[in-house]
Amino acid sequence: MPMRGSKVGVLSMVVLGLLLIVEFAAVSSGLSLCNMNDDGLTSCKPSVTQPNPVEPSTSCCEALSGADLQCLCSYRNSFLLPSLGIDPELALALPTKCNLTSPPNC
């Protein structure tokens with residue numbers, strides 16, 4: 001008889017995989033993420049990517065100013081950011097670099 005724990009582990013991995021696919025499809029298909037469209041996300045990518053992040057551009061800061069920062073903060077510990085090549089610590093620093101107020105507890 002197969003072990004029940006292994007079925008739960010496999011099911012968990014399948015669910016996580018599906019969530020990753022859905023999130024990646026939403027970002028890559030041009031849909032918005034936390035009120036940031038594809039152009040805004042693309043303009044900020046060089047500022048949140050290692051090994052040589054750059055200061056955020058004006059277009060990045062403009063996009064970030066219209067974003068739902070609390071929503072973006074919810075991705076802080078998500079596996080999604082690193083899977084897209086985004087350094088979460090650099091991403092969390094963007095609001096300050098753009099002279100925006102970060103949400104509390106973010």
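**Note on an all-helix chain and its largest pocket**

1. The chain has six helices and zero strands. The model is predicted. Read from the N terminus, the order of elements is α-α-α-α-α-α.

2. On burial: the chain has 106 residues, and 27% of them count as buried. The cut-off here is under 20% relative accessible area.

3. On surface: about 6900 Å² of the chain is exposed. Carbon and sulfur atoms supply 62% of that area.

4. On contacts: take those in the chain with a separation of 6 or more. Residues 24 or more positions apart account for 66% of them.

5. Now the largest pocket. Its volume is about 510 Å³. The lining is made by 26 residues. Closest to the centre are Leu41, Leu72, Leu81, Ile86 and Ala91.

6. Which elements give two or more residues to the lining of the largest pocket? They are α2 (38-44), α4 (69-73) and α6 (88-97). The most comes from α6, which gives five residues.

7. What is the chemical make-up of this lining: how many residues are nonpolar, polar and charged? The split is 21 nonpolar, two polar and three charged. The residues closest to the centre, Leu41, Leu72, Leu81, Ile86 and Ala91, are of types that count as nonpolar.

8. In short, for work on the pocket: the volume is about 510 Å³, the lining holds 21 nonpolar residues, and α6 gives the most to that lining. The model behind these values is a predicted one.

Conventions. Residues numbered from 1 in each chain as written. Predicted model: local features only at pLDDT ≥ 70, side-chain atom pairs only at ≥ 80, totals over all residues. Heavy atoms only, no water. 1 Å grid on protein atoms, 1.4 Å probe; cavity = no way out; pocket = protein on both sides within 12 Å on 5 of 7 lines; lining within 4 Å. Points joined across faces, edges and corners; volume = space filled by probe spheres on them. Helix = DSSP H or I, 4+ residues; strand = E, 2+ residues; numbered from the N terminus. Buried < 20%, exposed > 50% of the residue type's maximum accessible area, 1.4 Å probe, protein only. Contact = heavy atoms within 4.5 Å. Areas by Shrake-Rupley, 256 points an atom, 1.4 Å probe, with all protein chains shown as cover.
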